[in-house]
Amino acid sequence: MELQFKDLDSSALKTLAPLFTFRENKTCDSVFLGLFLWKDYYQVRYAVGDDNTIFLRIAADGKEYAALPICKAADLSQSFGVLKDYFNQTLGLKLNIFLADEAAVRLLNLPEHEFDVEELEDARDYLYSGDALRSLAGRKLHKKKNLVNSFVRTWEGRFEYRRLTCAEGSEIKSFLARWGVAREERMEGQLEHEILGIHEILRCCSLLDITMAGVYIDGTLEAFTIGSYNPLEQMAVIHIEKANPEIKGLYQFINQQFLIHEFPDAVLINREDDLGDPGLRQAKLSYCPVDFARKYRIRQR
């Protein structure tokens, strides 16, 4: 099979989005928006093969990578072979796969003499109980609930939780500009590209199946979040969550309210990885994850 790769742009949305969530995969990459958010940072290109299998090429650090084929579990082994042949024969490269999910690694059961499989600890996604994050019940999450209650008391009558639409794009951009100024010293690398990715999401907002919400205080947007839903896993994926850090309890409030209002039936909540950042890791662990969606690098010997 000859694969024809194209840039992942807005014209690809209607083709690719319906083809996701074919098989068990509890990572944030199991929903289309996670890929779209980082498409420019990783220079993502795609090809659609037989049986609507999606093949992805990724460029990072001057090297060519691939993601695992997006397909049904029964087709994974064959699609993996197609991808390997493309890298070996067409590109003249050894296959190097980034962010392979654990279920696929088990399913492929690759021979050790041909492939090295290495877990990427900094890339594992944090998984939480939906019921726990909506209720914040129990001793472990007591501090989070106190922060939410403190926010509600402090700003009573002055705040509003609101589902956002494409029409609020300019308000979201204005908020992100203010949020970025507060973190100017860190607005580089992946954080800068994340902001650019959000702008691209807003540009293509009407074409994307996304859920957005915000918290207004005195009529000004002070917190903003974006999520997706994976019906196969009954899992909500929280891609973006930004709030004014000067407002105590605001992060905890939007975290809880977004799940209560937009994902009331989600069994699992995926809040993505920590990128190896100690502060982010501590924050994610403080919500008491029930498991991790582990990811791997697969390198052909």
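In this predicted model, the cysteines make a good starting point, and the structure holds one disulfide. A disulfide is a covalent bond between the sulfur atoms of two cysteines. Here the bond joins Cys166 to Cys205, with a distance of 2.2 Å from S to S. The torsion about this S-S bond is about -85 degrees, so the disulfide is left-handed. Cys166 sits in the loop between β8 (159-164) and α7 (169-181), while Cys205 sits in the loop between α8 (190-203) and β9 (211-217); the pair therefore ties together parts that are 39 residues apart in sequence. The two partners can also be described by their surroundings: Cys166 is partly exposed, at 38% relative accessibility, whereas Cys205 is buried, with a relative accessible area of 6%.

Other cysteines have free sulfurs to account for. Cys204 takes part in no disulfide, and the nearest cysteine sulfur, that of Cys205, is 9.1 Å away. Cys204 counts as buried, at 2% relative accessibility. For Cys71, the closest cysteine sulfur belongs to Cys28 and lies 18 Å away, which is too far for a bond. Cys71 is buried as well, with a relative accessible area of 1%.

Attention now turns to the strands, beginning with β3 and β4. Strand β3 (residues 54-60) runs antiparallel to β4, and six bridges join the two. One of the paired positions is Ile54, whose bridge partner in β4 is Ile70. The two strands form a hairpin with two residues between them, where Asp61 takes a positive phi near 55 degrees. How enclosed is strand β4 by the rest of the structure? Six of the eight residues of β4 (residues 63-70) are buried, so this strand is largely enclosed.

Another set of strands builds an open sheet of seven, in the order β8-β9-β10-β11-β12-β7-β13, with mixed pairing. Its edge strands are β8 and β13 (291-293), each of which pairs on one side only. From one strand to the next, the twist averages 30 degrees. At the β13 edge, strand β7 (residues 125-129) and β13 run antiparallel and are joined by three bridges. Within this pairing, Asp125 stands opposite Ala293 in β13.

Helices pack on this sheet too. Helix α9 touches β8, β9, β10 (220-230), β11 (235-243) and β12 (268-270), and its direction makes about 135 degrees with that of β9. Helix α10 (residues 278-285) lies across β7 and β13 and runs at about 20 degrees to β7.

Helix α9 has a helical neighbor as well. Two packed helices are described by the angle between their axes and the distance between the axes. For helix α6 (residues 142-154) and helix α9 (residues 250-262), the angle is about 100 degrees and the axes are 8 Å apart. Angles from 65 to 115 degrees count as roughly perpendicular, and α6 and α9 are therefore roughly perpendicular to each other. Which residues make the contact? From α6 come Lys144, Leu147, Val148, Phe151 and Val152, and from α9 come Leu250, Gln252, Phe253 and Gln256. Sorted by class, the contact of α6 with α9 has six nonpolar, two polar and one charged residues.

Conventions:
Residues numbered from 1 in each chain as written. Predicted model: local features only at pLDDT ≥ 70, side-chain atom pairs only at ≥ 80, totals over all residues. Heavy atoms only, no water. Disulfide = S-S within 2.5 Å. Helix = DSSP H or I, 4+ residues; strand = E, 2+ residues; numbered from the N terminus. Buried < 20%, exposed > 50% of the residue type's maximum accessible area, 1.4 Å probe, protein only. Axes fitted to C-alpha atoms, helices over the stretch in contact; angles between N-to-C directions. Parallel < 35°, antiparallel > 145°, perpendicular 65-115°, else oblique. Contact = heavy atoms within 4.5 Å. Nonpolar A, V, L, I, M, F, W, Y, C, P; charged D, E, K, R; others polar. Pairing = 2+ DSSP bridges.
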